[in-house]
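Me: I have a structure to look at and would like the reasoning behind the words used for it. Please set each value against its cut-off.

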Amino acid sequence: MPIRVNLDVMMAKRRIGAGELAEMVGITPANLSILKNNKAKAVRFTTLEALCRALDCQPGDILEYTPDDAT
C-alpha cells in the first residue's frame, strides 16, 4: 500500500510508549498496534486528530505517501 504510517517514529521522538499513547488517544493497544504496523486499511479523522494532539505533530508527520513502483 502506498500510504505508510510512521507512528513508531513519532512515538520514539516523543518517548512515549504504546500503552500510554493508546490511553491518551482513547483506542485499544491492539488497534494502535494495527496502525503502528501498517496493517490498518483506514484511520478515522478523529483518531488521527487525537494522535496529532497526543504527539504534538501534524498528520504529515504520521502519514507518508510513497507511490508504488509497479504502475
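Me: Which residues are buried in α2?

Reply: This is a predicted model. In helix α2, the buried residues are Leu-21, Ala-22 and Val-25. Buried stands for a relative accessible area under 20%.

Me: Why are the buried residues of α2 said to line one face of the helix?

Reply: Viewed down the axis of α2, the buried residues fall within an arc of 100°, so they line one face. The cover over the buried residues of α2 includes α1, α3 and α4. Just after α2 comes Gly-26, with a positive phi of about 90°.

Me: What are the buried residues of α1, and where do they fall seen down its axis?

Reply: Leu-7, Met-10 and Met-11 are the buried residues of α1. Seen down the axis of α1, they fall within an arc of 100°, so they too line one face of their helix. Turned away from the buried side of α1 is a face that carries the exposed residues Ala-12 and Lys-13. Elements covering the buried residues of α1 include β1 (3-5), α2 (18-25), α3, α4 (45-55) and α5 (59-62). Arg-15, just after α1, has a positive phi of about 50°.

Me: Why are α1 and α3 called roughly perpendicular?

Reply: Helix α1 (residues 7-14) and helix α3 (residues 29-36) pack at an angle of about 110°, and their axes are 8 Å apart. Roughly perpendicular covers angles of 65 to 115 degrees. The angle lies in that range, and α1 and α3 are therefore roughly perpendicular to each other.

Me: Which residues make the contact of α1 and α3?

Reply: On the α1 side they are Leu-7, Asp-8 and Met-11, and on the α3 side Leu-32, Leu-35 and Lys-36. Sorted by class, the contact has four nonpolar residues, no polar ones and two charged ones.

Me: What makes the pair Arg-53 and Glu-49 a salt bridge?

Reply: The cut-off is a side-chain nitrogen of Lys or Arg within 4 Å of a carboxyl oxygen of Asp or Glu. The closest N and O atoms of Arg-53 and Glu-49 are 2.8 Å apart, and the pair counts as a salt bridge. By this rule the count comes to one salt bridge. Arg-53 and Glu-49 are four residues apart in helix α4, which means a separation of about one helical turn.

Me: Are Arg-53 and Glu-49 buried or exposed?

Reply: Exposed means over 50% relative accessible area. Arg-53, at 59%, is exposed. Glu-49, at 46%, is partly exposed, the class between the two cut-offs.

Me: How do you know that Thr-47 is buried?

Reply: Thr-47 has a relative accessible area of 15%, and the cut-off for buried is under 20%. Thr-47 belongs to helix α4. Apart from neighbours within four places in sequence, Thr-47 is in contact with Val-25, Ile-27 and Leu-35.

Me: Why is Pro-59 called partly exposed?

Reply: The relative accessible area of Pro-59 is 36%. That falls between the 20% limit for buried and the 50% limit for exposed, so Pro-59 is partly exposed. Pro-59 is found in helix α5.

Me: What does Pro-59 touch?

Reply: Not counting residues up to four places away in sequence, Pro-59 touches Leu-48 and Cys-52. Pro-59 and Leu-48 are 11 residues apart along the chain, and their C-alpha atoms are separated by 7.0 Å.

Terms used
Residues numbered from 1 in each chain as written. Predicted model: local features only at pLDDT ≥ 70, side-chain atom pairs only at ≥ 80, totals over all residues. Heavy atoms only, no water. Axes fitted to C-alpha atoms, helices over the stretch in contact; angles between N-to-C directions. Helix = DSSP H or I, 4+ residues; strand = E, 2+ residues; numbered from the N terminus. Parallel < 35°, antiparallel > 145°, perpendicular 65-115°, else oblique. Contact = heavy atoms within 4.5 Å. Nonpolar A, V, L, I, M, F, W, Y, C, P; charged D, E, K, R; others polar. Buried < 20%, exposed > 50% of the residue type's maximum accessible area, 1.4 Å probe, protein only. Arc of directions from axis to C-beta.
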